[in-house]
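Morning, everyone. Please take a look at the sequence and the model on the screen. I'll walk through a few helices.

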Amino acid sequence: MTVKRRPGRRPGTADTRGEILEAAKRVFAEKGFDKATVRGIAKEAKVDPALVHHYFDTKEGMFAEAMRLPMNPDEVIPKILEGPREQVGERIVRLILTVTADPETRQPMIALLRSAMTNDEVAAMFRSFLTSALLFRVADTLGVPHLRVEAAFGQMFGLVIGRYILQIEPLASADVEDLVELLAPTIQRYFTV
């Protein structure tokens with residue numbers, strides 16, 4: 001007796017999630033964040049799009065995991081937005097400094113920043129992800145012009161580069177809370193319209 005295979009998606013294997021991530025890396029690298037789609041990633045992985053959604057809630061979350069980013073926008077944005085608006089600058093500074101203080105989460109971010117500085121494709125992919133998935137969502141929710149949010153995060157990336165790549169002293173060894181106190185008012189200014 002021949003067992004007839006049911007139509008529909010293929011059953012998930014032990015490493016289906018890993019196969020989807022590998023497909024996502026290829027698709028993101030080829031098309032960039034903006035033009036990559038869940039359907040296209042599913043096709044590349046030879047799975048049903050519903051299976052992609054089963055493992056990854058959003059395209060942003062999949063990108064963050066595929067690129068080994070320490071921050072998933074779906075988790076970060078609520079942390080930035082919850083609380084009084086006059087403290088958003090402090091929350092951003094503290095969040096970025098806290099995430100980068102841990103070597104395990106800092107290393108993938110530093111590797112991506114270094115790659116983006118020397119590779120146009122990586123820079124374009126990271127830029128489109130950063131603006132679409134994180135910065136513009138924050139800006140639109142707060143009713144702040146995109147340029148202001150980009151400038152605030154530009155300063156924070158400059159801080160990360162100075163602290164961890166160039167290791168400028170005393171910035172590199174400064175206490176997180178001292179830096180929060182120093183930088184939060186400046187970053188807050190970008191969110192005051």
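A definition to begin with: helices here are DSSP runs of H or I, at least four residues long, numbered from the N terminus. And keep in mind that this is a predicted model.

With that, go to the end of helix α4. Arg-68 sits just after α4, and its phi is positive, at about 60 degrees.

Now α4 itself. It spans residues 59-66 and is mostly covered. How many of its 8 residues are buried? The count is 7. They are Lys-59, Glu-60, Gly-61, Met-62, Phe-63, Ala-64 and Ala-66. Note that Lys-59 and Glu-60 are on that buried list. Buried here means under 20% relative accessible area.

What do those buried residues of α4 pack against? Five helices: α1, residues 16-35; α2, residues 38-45; α3, residues 49-55; and then α5 and α8.

Let's take that last pair, α5 and α8. Helix α5 covers residues 73-81, and helix α8 covers residues 120-142. Their axes come within 11 Å. They cross at roughly 25 degrees. Angles under 35 degrees count as roughly parallel, so α5 and α8 are roughly parallel to each other. The crossing is right-handed.

Who makes the contact? From α5, we have Pro-73, Asp-74, Val-76, Ile-77, Ile-80 and Leu-81. From α8, we have Phe-129, Ala-133, Leu-134, Arg-137, Val-138, Thr-141 and Leu-142. By class, that contact has 10 nonpolar residues, 1 polar and 2 charged.

As general background, an α-helix has 3.6 residues a turn, so residues three or four places apart point the same way. Have that in mind when you read the contact list.

Stay on α8 for two more residues.

Val-122 is in α8. Buried or exposed? Its relative accessible area is 17%, so Val-122 is buried. Set aside neighbours within four places in sequence, and Val-122 is in contact with Leu-112, Ser-115 and Ala-116. Now look across to Phe-28. Val-122 and Phe-28 are 94 residues apart along the chain, yet their C-alpha atoms are separated by 9.5 Å.

Next, Ser-128, also placed in α8. Its relative accessibility is 12%, so Ser-128 counts as buried. Which residues does Ser-128 contact, leaving aside neighbours within four places in sequence? Gly-32, Phe-33, Asp-34 and Ala-133.

To recap: α4 is mostly covered, and α5 and α8 cross in a right-handed way. In α8, Val-122 is buried, and Ser-128 counts as buried too. Over to you for questions.

Terms used: Residues numbered from 1 in each chain as written. Predicted model: local features only at pLDDT ≥ 70, side-chain atom pairs only at ≥ 80, totals over all residues. Heavy atoms only, no water. Axes fitted to C-alpha atoms, helices over the stretch in contact; angles between N-to-C directions. Helix = DSSP H or I, 4+ residues; strand = E, 2+ residues; numbered from the N terminus. Parallel < 35°, antiparallel > 145°, perpendicular 65-115°, else oblique. Left-handed = near helix turned anticlockwise from the far one by under 90°. Contact = heavy atoms within 4.5 Å. Nonpolar A, V, L, I, M, F, W, Y, C, P; charged D, E, K, R; others polar. Buried < 20%, exposed > 50% of the residue type's maximum accessible area, 1.4 Å probe, protein only.
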